[in-house]
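Reader: I would like to go through this model term by term, asking how each label follows from its value. Could you take me through the reasoning?

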Amino acid sequence: MEELDVEPSTTLIPGVGFHQKHLGFEWGPGDLLVYETNYRLQGPRSASSPLLHMVRRDEDICSPILRKLFNESHLIFVGLQKLKEDVPSKNKKSQFVSVSKNYRSVIRACMEELQQNAVSTREGSLASQYGDQVSILLAIELIWNLCEVLFIDAAPAGSLLLLLLDWVRLHKSDVDTRAREVLQSESPALHHSYWDVVISLVLQGRTDEARQVLSKQASLRAESSSVFKRMDGLLQTMPIFNPAGTQTLTEFDVKWRHWHEECDRCLQDNTFASSRQLETICKILVGDEDTLLEQKELLSTWYHFLVTRLLFTHPTIKPPDLHYYAQSSMNMFLGPRASPEPLDIILLSAFEFDLHQVIKDCSIALNNWWFVAHLTDLLDHCKLLQSHNLHFGSNLREFLVLEYASGLFTHHSLWQLAVDYFDHCPEFGRVYLELQIERVPLDTERKAIKVLRICEDRQMSEQVRSICKIMAKRALRNNRLGSALSWSIRAKDAAFATLISERFLQDYSNKGSFTDLDLLDNLGPAMLLSDRLTFLGKYREFHRLYGEKRFSEAARLLLSLMTAKIAPRSLWMTLLTDALPLLEQKEVIFSVDQTYELMSCLEELNLDSKDSNQTDQDEDIESTKTELLRLALARNLAMAIVKEGTIET
C-alpha cells in the first residue's frame, strides 16, 4: 500500500507569541506540555507569568458520554477473546456477526445520547462539540456496518444486496420521518413532500410502503385509477430474493428479468405518460441511470445511489464485482469536479475489499484508536488479517490494540480497562503493561491496592516492590507507622522494615505504649523479614502475655530476646526494666538459672555504659536503675534458691 501524504492538523495555542519568547515542550503519555522559556528573541526580559498549555492527543477520552462507549465496548472485547477456538466455523460466523452488532448497538446508544445532549444544552460551543462527535460516530457506524456486511457476514450473491439495502435504510432514516409527516397530515396526497416520499421509498426498495402511500393519490384521482393500478401491480410483483426460501438464485434471476422487461414495456408503451411522477418511478424501476442521478437530493450519497442502481439493474451482484460498480457510481454521482471526502475513500476501499486500506485510512481520518482497534480485533478473530504482519515484530491487530490501550492509561479511571487489552496482546502486551502501570499516579491507598492487585495477579514482582516502597515511604512521611510497615512487608523490603521497626520502638520509648496493635499482633511469619522486625513482633508478644497475666511465658520470652541477641543493645536496659515487675511478684517467676542470665546481661550492659560518653544526669539515672535491678535480682535469686531447694528436698 502506498503511503498517504497527509498534512498534520494545526493546533492553535492561545497566548503564544505575545511575549516574543521561545517555546519549550515535554512529551507525556497522552499529551504534550508546551511552555514559554526564559529566552527572549529581542528586548529586555519581561516579568510576566510563564505560559503553560496542555495539548491533548485524544480529547474524546475526557467526554463522559464517550467513556460509556469505552466501558461497554470493553466488555464486548473481553467476551470476544473468550470465544472457544473449537466451535465449528458456521456457528462461529453467527457469533462474530452478533459481536459486531453488539458493538454497533453501543455506538448507536452513545450517538443518541449525544444528540439529546446537543439539543438540550444551551452552551453553543458544547452543542457544537456534541454535534461533531455525533458526526464521527455516524461515520464510524456506517463504516462498521459495511464491513460487517462485506467481511464478517461475507454475504453471497442475492443476500448481499438485501444486506446493503438494510445498510442504506439504517443510515438514511430521514425518509421515515418525512413519511410519517405526510401520512399524518390532513390531506397526504396534497402534501408538498408527497412524491418525494414515494420516490424515496422506491429508491430504498420499500415497495410495500410505497404502494401504501401511492394509494392515497389513487383514491383522489379516479380518472387515473388504471394507471395507478398498473404501477401498484409493478411494485407488488417486483421479485425480492429470499435466502431462506427454496428458490435458487438462477430462478430468481429469470423471474426478475421477466419483471424488468415488463417495466421496460410499460415505459416503451407510454403507459405512465399522463403522470410525470409515475413515469419517473417506472424509469427508476428499469434502472435508468440519468433518472437516478436526477434524484441526487433524495439519494444524498453516492453509496445510496450505488445500492439503488444495483437493486434495479443487477440484484444478483457477486461480491467480486462490487468494486467496479462502486467506483463508477462514485464518479457518476460526484462528477468530475468534486473530490471525494475521506469517508468516501474509506467506503470505496471497503467495496474494493481492500481491508488493510480501510484500517489505514480510518487510522488517519479518525481522532482516536477505538474504532480501528476493535474492528481489527474482530476481523482478526474472523481470520481475515492473518497475512498482514508489521515489520517491527507485532501484527496489525496487536499494534492497534496496544495504541488504544496506551491512550486509555492516560485517563484517571479508564486505565483499568486498558489492563485487559494488554492481557490479550501476547507479543508485547506485558511489556507495555509493565511500562504503563508505573505511570499510574497512586493518589490514594485504595488506588494503590488496585494497581498492586493487578501486578500481583500477573506476577509482576518488580512493579509490586516499587509500588509497595512508594506507599511505604509516603506513609512513613505522614507518620502512619502501621501502614508503612504493612507496605514494606508486602514489598519484602528488609531494610525498610528494619527502619520502620526502629521507629515503632522509638515511639514506644517516648510514649510507653505501642500503636497499630492489630498489625503487630498478627505479623505471623512476616516478622522473619528482618531481625529488628522479629524483635518488634516478639517484644509486642511479651507485652500481650504480660497483660494476660501469663507471667512465666512472658519471662521466658523476655529472657530469650536478650540471650539470643535479638534485642538491640540500646534496648537492653528497657527490657531489664520491663523485667522488674516480674521480679517483684510474690510468686517466683524467674528460676535461678534465668536470674543468673539476667544478672549477666545487666553486668555486660554496665561494662558497655562505662565506655560510652554520657552526661552526669544520664549516669545518675542509669545508676539508679542498675541498683534497683541488682536489688530485685538478688531478692529473686534468694527466693528462687529457697524454692528450688525446697522442691528438691
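**Labels and the values behind them**

Author: Let me begin with the contacts: this is a predicted model, and in its protein chain 63% of the contacts between residues at least 6 apart in sequence join residues at least 24 apart.

Reader: What makes two residues count as a contact here?

Author: Two residues are in contact because they have heavy atoms within 4.5 Å of each other. The chain in which these pairs are found has 30 helices and 3 strands, and 45% of its 649 residues count as buried.

Reader: Why is helix α23 called mostly covered?

Author: Helix α23 spans residues 481-491, and 9 of its 11 residues are buried. Among them are Leu481, Leu485, Trp487 and Ile489, and each of the buried residues earns that word because its relative accessible area is under 20%. As for what covers them, the buried residues of α23 pack against α21, α22, α24, α25 and α26. After α23 comes Lys492, with a positive phi near 55°.

Reader: How do you know that α26 is roughly parallel to α28?

Author: The axes of α26 and helix α28 (residues 572-583) cross at roughly 15° and come within 12 Å. Angles under 35 degrees count as roughly parallel, and therefore α26 is roughly parallel to α28. The crossing itself is left-handed.

Reader: Which residues make this contact between α26 and α28, and of what classes are they?

Author: From α26 come Phe535, Tyr539, Phe542, His543 and Tyr546, which meet Thr574, Leu575, Asp578, Pro581 and Leu582 of α28. By class, the contact has 7 nonpolar, 2 polar and 1 charged residues. Tyr539 and Tyr546 are counted as nonpolar because Tyr belongs to that class in the scheme used, whereas Asp578 is charged because Asp is in the charged class.

Reader: What makes α13 roughly parallel to α15?

Author: Helix α13 (residues 302-313) packs on helix α15 (residues 342-351) at an angle of about 30°, with the axes 11 Å apart. Set against the limit, under 35 degrees, this value makes α13 roughly parallel to α15.

Reader: Which residues meet there, and how do they divide by class?

Author: Trp302, Tyr303 and Leu306 in α13 meet Asp344, Leu347, Leu348 and Phe351 in α15. These divide into 6 nonpolar, no polar and 1 charged; Asp344 is the charged residue, because Asp is in the charged class.

Reader: How much area does the protein chain expose, and what share do carbon and sulfur atoms supply?

Author: The protein chain exposes about 34100 Å², and carbon and sulfur atoms supply 51% of that area.

Technical notes:
Residues numbered from 1 in each chain as written. Predicted model: local features only at pLDDT ≥ 70, side-chain atom pairs only at ≥ 80, totals over all residues. Heavy atoms only, no water. Helix = DSSP H or I, 4+ residues; strand = E, 2+ residues; numbered from the N terminus. Buried < 20%, exposed > 50% of the residue type's maximum accessible area, 1.4 Å probe, protein only. Areas by Shrake-Rupley, 256 points an atom, 1.4 Å probe, with all protein chains shown as cover. Axes fitted to C-alpha atoms, helices over the stretch in contact; angles between N-to-C directions. Parallel < 35°, antiparallel > 145°, perpendicular 65-115°, else oblique. Left-handed = near helix turned anticlockwise from the far one by under 90°.
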